[in-house]
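Me: I have just opened this model and would like to understand one part of it properly. Please take me slowly through the places where charged side chains pair up, and then show me what surrounds them.

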Amino acid sequence: MCGVAGVFNVSDPCLTVGAMIKDRLNNRGQNGAGLALGRDEGEFFLERSEWDSTELIRKLTQQGFFRGCSNYNCAIGHTRYGTRGERRSLQDTQPFVADM
């Protein structure tokens, strides 16, 4: 079963949700992890990994992302337990972002 965590209107949503999916939800799904952040202006940031949340956090840390992410005000994180599609598929890893 997958794991989902989200926060709204906290001072540093990416660190809060990042810690939640790494520390509390990693065992809920190890076939993919993703993090989506949003700003009031309607801008979004999305990063996903076809591996577990530890790999996602490592990927974001290597990019230097956590140093400049405090200007977002909401976040959602997801860990995937692959029951459909490819077990390790970036295409099937959530969260998804769509323009409508």
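Reply: **Charged pairs, up close**

Let's begin with Glu43, which counts as partly exposed at 40% relative accessibility (buried is under 20% relative accessible area, exposed is over 50%, and partly exposed lies in between, using a 1.4 Å probe and protein chains only). Before going on, keep in mind that this is a predicted model, where local features need pLDDT of at least 70, side-chain atom pairs count only at pLDDT 80 or more, and totals for chains, interfaces and linings use all residues. Residues are numbered from 1 along each chain as its sequence is written, and side-chain values use heavy atoms, with hydrogens and water left out.

Side chains of opposite charge can pair when their charged atoms come close. The partner of Glu43 is Arg39: their side chains form a salt bridge with an N to O distance of 2.6 Å. That term stands for a side-chain nitrogen of Lys or Arg within 4 Å of a carboxyl oxygen of Asp or Glu. Counted this way, there are 4 salt bridges.

Another of them joins Lys59 to Glu47, whose closest N and O atoms are 3.0 Å apart. Lys59 belongs to helix 2 (residues 53–62) and Glu47 to strand 3 (residues 44–49), so this pair ties together parts that are 12 residues apart in sequence. Helices (H or I, at least four residues) and strands (E, at least two) are DSSP runs, numbered from the N terminus. The two partners sit in unlike settings: Lys59 is partly exposed, with a relative accessible area of 25%, whereas Glu47 is buried at 15%.

A further pair is Asp92 with Arg80, and here the closest N and O atoms are 3.9 Å apart. Both residues lie in the segment after strand 4 (74–79), so the bridge links parts that are 12 residues apart in sequence. Asp92 is partly exposed at 26%, while Arg80 is buried, with a relative accessibility of 6%.

That segment after strand 4 has other points to find in your viewer. Thr83 is placed there, and at 68% relative accessibility Thr83 is exposed. Although Thr83 and Cys2 are 81 residues apart along the chain, their C-alpha atoms are separated by 9.6 Å. Pro95 is found in the segment too, and the peptide bond leading from Gln94 to Pro95 is cis, with omega near 0 degrees.

Now go back to Arg39 and look at a neighbour. Tyr72 sits in the loop between helix 2 and strand 4 and is buried, at 10% relative accessibility. If we set aside residues up to four places away in sequence, Tyr72 touches Pro13, Leu37, Gly38, Arg39, Phe45 and Phe65; contact here means heavy atoms within 4.5 Å. So the list includes Arg39, one of the partners in the 2.6 Å salt bridge. Gly38 is 34 residues from Tyr72 in sequence, with a C-alpha to C-alpha distance of 5.5 Å.

Helix 2, the home of Lys59, also holds Ser53. At 0% relative accessibility, Ser53 is buried. Leaving out neighbours within four places in sequence, Ser53 is in contact with Ile21, Lys22, Asn26, Ala33 and Thr79.

Finally, let's step back to see the whole chain around these pairs. The chain has 2 helices and 4 strands, and in sequence order they follow the pattern β-α-β-β-α-β. The radius of gyration is 13 Å, close to the 13 Å that the globule rule gives for 100 residues, so the chain is as compact as a globular protein of that length. This radius is taken over C-alpha atoms, and the rule is 2.2 Å times the number of residues to the power 0.38. Along its principal axes, the C-alpha trace spans about 35 × 30 × 20 Å. Buried residues make up 42% of the 100 residues. Of the contacts between residues at least 6 apart in sequence, 64% join residues at least 24 apart.

As for charge overall, the mean positions of the 12 positive and 12 negative charges are 7 Å apart. Lys and Arg count as positive and Asp and Glu as negative, without His or the chain ends, and each charge is placed at NZ of Lys, CZ of Arg, CG of Asp or CD of Glu.
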